[in-house]
Amino acid sequence: MNEEAITIRLTRDQAFVLSDWLYQVMFQSDDLEGIVHDRAVWSPIYAISGTLDKTLSEIFMPDYDLRLEAAKERLRADLYGGADESTAPRQDTTDAPQVHQIERGTTGNHGESDRWQ
């Protein structure tokens, strides 16, 4: 069994938004079991969540909600090139960025350009 550690690189905004989502799924909704049926997957989810919690000072700041929304807006702008087009009514999903179209083994070579940075 290979126990070599893997490093995942995220921007601070990505980490903050992911941390909030994980918190919502794991602790607010108690829906982790409904989303992730294989409990073996819970181990890496908890490891990622714990690492984010230890790393992000934003989660303890009084203006958490404002910072979170600003981070989400920046990420949406990075993905869609402007305002929150991801939730615009009647959006044509064929214009969505490639990151939303990637399916395991079907897009790209899964090299560095396809991985989370």
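Where do Lys72 and Glu69 lie, and how many residues apart are they? Both residues lie in helix H4, three residues apart, which is about one turn of the helix. The points below place this pair within the predicted model.

1. Overall architecture. The protein chain contains four helices and zero strands. Along the sequence, the order of elements reads α-α-α-α. Of the contacts between residues at least 6 apart in sequence, 48% join residues at least 24 apart.

2. Burial and surface. The protein chain has 117 residues, and buried residues account for 23% of them. The exposed area of the chain comes to about 9,100 Å². Carbon and sulfur atoms supply 52% of that area.

3. The Lys72–Glu69 pair. A search of the whole structure returns five salt bridges, and one is formed by Lys72 with Glu69. The closest N and O atoms of this pair are 3.7 Å apart. Lys72 has a relative accessible area of 21% and is therefore classed as partly exposed, since the buried class is reserved for values under 20%. Glu69, at 40% relative accessibility, also counts as partly exposed.

4. Asp20, a buried acid without a salt bridge. Asp20 belongs to helix H1, which spans residues 12–28. This residue is buried yet has no salt bridge. The nearest side chain of opposite charge is that of Lys72, 4.5 Å away. That pair is not counted as a salt bridge because the cut-off requires a side-chain nitrogen of Lys or Arg within 4 Å of a carboxyl oxygen of Asp or Glu. Leaving aside residues up to four places away in sequence, Asp20 touches Tyr64 and Leu68. The Lys72 side chain is thus relevant to two points of this note: Lys72 forms a salt bridge with Glu69, and Lys72 is also the nearest opposite charge to Asp20.

5. Arg12 with Glu58. Arg12 forms a salt bridge with Glu58, and their closest N and O atoms are 2.7 Å apart. The pair links distant parts of the chain, with the two positions 46 residues apart in numbering: Arg12 is in helix H1, whereas Glu58 is in the loop between helix H3 (42–55) and helix H4 (64–80). The two partners fall into separate accessibility classes: Arg12 is partly exposed, with a relative accessible area of 43%, while Glu58 counts as buried at 11% relative accessibility.

6. Asp13 with Arg74. Asp13 forms a salt bridge with Arg74, the closest N and O atoms lying 2.6 Å apart. This pair also links distant parts of the chain, joining Asp13 in helix H1 to Arg74 in helix H4, 61 residues apart. Asp13 is buried, with a relative accessible area of 18%. Arg74 is partly exposed, and its relative accessible area is 42%.

7. A nonpolar surface patch. Ile6, Ile8 and Ile48 make a nonpolar patch on the surface, of about 310 Å². Ile6 is located in the segment before H1. At 70% relative accessibility, Ile6 counts as exposed, because that class begins over 50%.

8. Helix H1 in summary. Several of the points above concern this helix. Arg12 of helix H1 pairs with Glu58 of the loop between H3 and H4, Asp13 of helix H1 pairs with Arg74 of helix H4, and Asp20, also placed in helix H1, is buried with no salt bridge.

Methods. Residues numbered from 1 in each chain as written. Predicted model: local features only at pLDDT ≥ 70, side-chain atom pairs only at ≥ 80, totals over all residues. Heavy atoms only, no water. Buried < 20%, exposed > 50% of the residue type's maximum accessible area, 1.4 Å probe, protein only. Lys, Arg positive; Asp, Glu negative; His and termini not counted. Contact = heavy atoms within 4.5 Å. Areas by Shrake-Rupley, 256 points an atom, 1.4 Å probe, with all protein chains shown as cover. Patch = residues over 30% accessible without salt bridge, like charges linked within 9 Å, V, L, I, M, F, W, Y side chains within 5 Å.
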